[in-house]
Amino acid sequence: MDVRPSPVSVTVRGRVAVVTVDHPPVNALSGPARQGLLDVLSALAADAAIAAVVIAGGPGRFIAGADIREMNAPPAPPLLPDVVAALDGLDKPIVAAIDGPALGGGLEIALACDCRLASPGASLGLTEARLGLVPGAGGTQRLPRLTGIAAAIPLICGGRILKADEALEAGIVDAVLDGDLLAAAVARAPAVAKRRLSAQPVPAGDEAAEAAAVATAFKQAKGLPAVEEAIALVRAAGSVPFSEGLARERGAFLKVRESAEAKALRHLFFAEREAGKVPGLEGAEARPIGRITVIGAGTMGAGIAIALADAGFPVALIERDAAAAVTGAERVRGLYDRQVKAGRLTVGDAAARLARVAASDDWSAVATSDLVIEAAFEDLGVKRDIFRRLDAVARPGTVLATNTSYLDIDTIAAATARPQDVIGLHFFSPAHIMKLLEVVRGARTAPDVVATVLRFAKKIGKRPVVAGNCDGFIGNRIYAVYRRHAEYLVEDGASPEEVDAALEAYGFAMGIFAVSDLSGLDIAFAMRQRRAATRDPAERYVSIPDMLCEAGRLGRKTGAGWYAYDAAGKKAVDPVTTGIIARARAAKGIVPRRFTAEEIEQRLVAVMANEGAKVLAEGIALRASDIDLAFVDGYGFPRLRGGPMWAADQTGLARVLREVEAAHAAGGAGSEPSPLLVDLARRGETFAQWRRP
């Protein structure tokens, strides 16, 4: 019989009981933790020798929230509201000693205490909205009684995490203390008066401020049902009895818990954790990374340099000559100046970070670097030349990374005598902002090099997804199919604005043609020209984007592309583009047909999922959730839809397969249904269930 000790223990200091939750790694409120707390509180209520209670989580911790793994199963007793009710009902004063994260249910535990003390490193927040939920154990009713309704709405609807001093200013904690927090909590506890928030009124508020908070929350919600529910609950805190507010909250929690949006967000939560589990790295020790060189100070290189400097790394930014290095340095400075003007950085912080970047044309820095990131022009010959030079200059053991979007990692690595040290690091633009980092393994990339860049990625705040080596890797390979089928839809009768409107209604921030104009049509045009000789003649080819480029319509930078742009950058339907599309259709004898928004959405999600299935089957992606993560973090796929593979699962793969068959009929070679998709649809299974044999 497997008997495990409770994660909750009690020690007595004088007449104060210290209740410690010790449930590594983050003290999640799993079933055993909830049961342990309930048992301890019941015993303490009956113990006349105990005058006060301190709730703690150990050094550097408190309670980081619910155990998300339980969210996909029916609620199991004891429920968190039962634990919070037991805290609220205890007649002895309770002090929360918050020495780390108090998030979600952890903060609800703290709010049920009579006094909240925090260390300077503590963080607090009701973060449920990040998972498509509302607080379910009194958070929407207790927090407004401390902060007021206008302040509580953005905290709950935005899932904001406050630092200790911010929580003090908001009135959520009673004091922020240096030194031994637990000792201070024990010393104060006997003198703390009972102060149940359940018995406190909501402070009088400002109707205009509350209305503004509601408007902002709705604007930022982007269709998340939990936000509307949370707003209603917080506002109800000021108008209904506490017990009724709790009942409403619990009902809303159970409802949104089962929403499609909450399930999608939970899927992405687990996807983030799964992405770091890479087979073949067992026993591989990451190499130390101290000094870093970036080759190329263009838009991408400058963004990478900022991402590194922001993380505290000294960066040598190398250009081909002194003039280009000066331009690169100015580019980095300009990006920091923008952040200062936007209020995201102080002048002092920007100066400190800028001081970490040294731009020059001197390659000697390579010899002392632990990591070199090449960010030169996307040309195989240029990159191979750089890697030949790196091979001659870099010391043994230096990790040599290429920031390529499409090119063959193994061909680049073959320009060196050390292919085991070469890896792809595909940053997404703007590199200092975008979270996704595609980590591309070559055929001979050493396991410790993969382990090194995975640890490095986390240190610079990126979300790494490991990919195999193929044209476009995971993201751009699938994106190319997505874009190609969007062009088929236009050639067959949809307008660019209809396609974009359908995608934006689906949840994308921008439609695919607006994105193309933003990035520049010439980039994809150059790629198509490079591939022209190897293109399968049986693959349907749409010449409209080529015609736009040949007419000098390269997107926003030229004032026209798929759309026309005014001086302020506002887009409009362009009759010139409409005419080019009409001529292209006429040249092929295509009679345009109408497409509904639903047809556009179904077609484009289906072809993404189909290409994703091919990527899975070939071993380019390790799991379907990695593809979802890549598209949500790197390509603007709506988080509330969970990514293309998850969205396909929710639609049903049999239905997706029918749509892919129609797409194949429209697109020809390259659009064939994936055998994996066919097999899963036949067996009634999902991408989420699939595991590599």
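This report describes a small sheet, a buried acidic residue and several backbone features of a predicted model. Residues are numbered from 1 along each chain as its sequence is written. Local features need pLDDT of at least 70 and side-chain atom pairs count only at pLDDT 80 or more, while side-chain values use heavy atoms, without hydrogens and water.

Three strands (DSSP runs of E, at least two residues, numbered from the N terminus) form an open sheet of mixed pairing in the order β7-β9-β10. β7 (101-103) and β10 (162-163) stand at the edges with a single partner strand each, so one side of each has no neighbour in the sheet. Pairing requires at least two bridges found by DSSP; two bridges join β9 (residues 123-125) to β10 in antiparallel fashion. Within this pair, L124 stands opposite L162 of β10.

E108 belongs to helix α3 (residues 105-111); helices are DSSP runs of H or I, at least four residues. E108 is buried (under 20% relative accessible area, 1.4 Å probe, protein chains only) and has no salt bridge, a term that denotes a side-chain nitrogen of Lys or Arg within 4 Å of a carboxyl oxygen of Asp or Glu. The nearest side chain of opposite charge, R142, is 6.6 Å away from E108. A polar atom of the E108 side chain lies 3.4 Å from the backbone nitrogen of G136.

The table lists the cis peptide bonds and the loops concerned.

| Cis bond | Omega | Loop |
|---|---|---|
| P24 to P25 | near 5 degrees | P25: between β2 (16-21) and β3 (28-29) |
| P77 to P78 | near -5 degrees | P78: between β5 (65-66) and α2 (80-89) |

N27, not a glycine, has a positive phi of about 60 degrees and is buried, with a relative accessible area of 0%. K222 has a positive phi near 55 degrees and is exposed (over 50%), with a relative accessible area of 71%.

Definitions and conventions. Lys and Arg count as positive and Asp and Glu as negative; His and the chain ends are not counted. A polar contact is a pair of N or O atoms within 3.5 Å; within protein, one must be able to donate a hydrogen and the other to accept it, and residues adjacent in sequence count only if both atoms are side-chain atoms.
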